[in-house]
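User: Hi! I've just opened this one and would love a friendly tour. Please start wherever you like.

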Amino acid sequence: MDLVRPGAPVTASLIPPLFRGLLDDAAVFPPGSLPLADAVPAHSRHLAAAYRELVGPLVLPASALPGLEIGAVDVSVTLPDGPAGLPGVLEAMASSPARLAGLEIPVPAGMGVPEFFTALEAAPAPVFVEVPRDERRAGTLAACAETGHRAKFRTGGVRAELYPDETELAAAILAAVRAEVSFKATAGLHHAVRNTDPVTGFEQHGYLNLLLATAVAAGGAAEPEVVAALAERDRAEVARRVSTVEEEVRGRFLSFGTCDILEPLTELVELDLVAAGALGGDGAKA
């Protein structure tokens with residue numbers, strides 16, 4: 001899984017294969033909300049840093065595309081209102097030097113699964129279908145498996161009810177793994193390990209817990225074991241178990257969006273999962 005960007009200097013990798021491309025750069029989204037004029041050059045600095053192999057595409061909302069000045073970097077575009085905005089995104093990207101690495105599209109409330117996937121037929125890039133947290137989940141994952149699209153699970157947000165509990169998330173992971181649908185996650189993954197936010201009181205999933213739970217599910221475990229992996233709060237234990245996970249699991253759990261690349265990198269270093277040298281270089285000042 002070689003994710004070194006064109007033009008980047010070739011050096012020995014400091015990022016283990018298990019973590020390469022794990023972080024989608026969602027700097028413009030809350031709670032970071034970095035202005036676009038700052039997020040674009042910051043992303044370029046990330047791609048020139050010692051930890052560059054950790055970094056995936058720059059995630060942008062469709063509304064940011066008109067008039068966007070950006071270089072030849074990979075972008076993943078979110079369409080929060082559903083597939084109706086797809087023609088406008090394709091038109092904007094046709095005149096941009098940026099490469100469309102993916103589209104992230106939720107199933108709108110009230111839209112049926114067949115209707116939604118019919119609307120995706122014009123999509124030229126991989127689509128991450130944000131799976132609804134209702135009775136349409138099973139049908140959505142089945143349609144992803146049939147069409148080759150990928151899934152996107154929302155794992156948090158600005159309100160407590162936007163965080164699925166470990167039972168709901170475990171069921172979603174198991175369903176995706178059993179359907180052989182690759183997925184990404186977004187929102188609420190602010191720390192490596194399961195925690196309670198001291199300010200909001202929200203129960204937050206850890207991105208390493210999510211990686212571990214995916215590995216457990218891929219190994220054929222039943223739902224209680226996947227739930228337990230998501231619920232584990234012992235940082236040393238989670239790090240120990242993640243250190244034994246085979247890199248093939250990343251073919252299932254592809255990435256997650258983060259508004260700050262350096263925070264998850266720092267935690268990976270603290271947990272001895274990534275070499276401390278990855279924090280060096282100008283990119284660490286982004």
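User: How many salt bridges does a search of the whole structure find?
Analyst: It finds 16, where a salt bridge is a side-chain nitrogen of Lys or Arg within 4 Å of a carboxyl oxygen of Asp or Glu. Keep in mind that this is a predicted model, in which local features need pLDDT of at least 70, side-chain atom pairs count only at pLDDT 80 or more, and totals for chains, interfaces and linings use all residues. Residues are numbered from 1 along each chain as its sequence is written, and side-chain values use heavy atoms, with hydrogens and water left out.

User: Cool, pick one. Which side chain does Lys 184 meet in a salt bridge?
Analyst: That of Glu 104, with N and O 2.8 Å apart. The pair joins distant parts of the chain, since Lys 184 sits in strand 7 and Glu 104 in strand 4, 80 residues away. Strands (E, at least two residues) and helices (H or I, at least four) are DSSP runs, numbered from the N terminus.

User: Are those two, Lys 184 and Glu 104, buried or exposed?
Analyst: Lys 184 is buried, at 1% relative accessible area. Glu 104 is buried too, at 3%. The cut-offs are under 20% for buried, over 50% for exposed and partly exposed in between, with a 1.4 Å probe and protein chains only.

User: Which residues are linked with them in a network of salt bridges?
Analyst: The network holds Asp 24, Glu 104, Glu 130, Lys 152, Arg 154 and Lys 184.

User: Let's go to the helices. What does Arg 235 pair with?
Analyst: Its side chain forms a salt bridge with Glu 270, at 3.8 Å from N to O. Arg 235 belongs to helix 8 (residues 235–242) and Glu 270 to helix 9, so this pair ties together parts 35 residues apart in sequence. Arg 235 itself is partly exposed, at 35% relative accessibility.

User: And what about Arg 240, which Glu does it bridge to?
Analyst: Glu 237, with the closest N and O atoms 2.8 Å apart. These two are three residues apart in helix 8, so about one helical turn separates them. Arg 240 is partly exposed at 48%, and Glu 237 is partly exposed at 26%.

User: Why does a spacing of three matter in a helix?
Analyst: An α-helix has 3.6 residues a turn, so residues three or four places apart point the same way.

User: Nice. You mentioned helix 9; which of its residues are buried?
Analyst: Leu 262, Pro 264, Leu 265, Glu 267, Leu 268 and Val 269. What covers them includes strand 1 (23–25), helix 6, helix 8 and strand 10.

User: What follows helix 9?
Analyst: Asp 272 comes after it, and its phi is positive, near 60°.

User: New topic: the inside. Which residues touch the most other members of the largest nonpolar core?
Analyst: Phe 19, Leu 103 and Leu 208 do, in a core of 87 residues. A nonpolar core here is a set of buried Ala, Val, Leu, Ile, Met, Phe, Trp, Tyr and Cys residues joined through side-chain atoms within 4.5 Å. Helix 6 (residues 207–218) is the biggest giver to this core, supplying eight residues.

User: So what does Leu 208 contact?
Analyst: Apart from neighbours within four places in sequence, its contacts (heavy atoms within 4.5 Å) are Phe 19, Ala 192, Val 238, Val 242, Leu 268, Leu 271 and Leu 273.

User: Any other residue in helix 6 you'd point out? Tell me about Leu 210.
Analyst: Leu 210 is in helix 6, and it counts as buried because its relative accessibility is 2%. Not counting residues up to four places away, Leu 210 touches Leu 169, Ile 173, Ala 185, Leu 189, Leu 230 and Phe 253. Between the C-alpha atoms of Leu 210 and Gly 21 there are 15 Å, while 189 residues separate the two in sequence.

User: Last one. Where is His 205?
Analyst: In the loop between strand 9 (203–204) and helix 6.

User: Is His 205 buried or exposed, and what does it contact?
Analyst: His 205 is buried, at 2% relative accessibility. Beyond neighbours within four places, its contacts are Thr 155, Pro 164, Asp 165, Glu 166, Leu 169, Gly 188, Leu 189, His 191 and Arg 194. Glu 166 is 39 residues from His 205 along the chain, and their C-alpha atoms are 8.0 Å apart.

User: Great, thanks for the tour!
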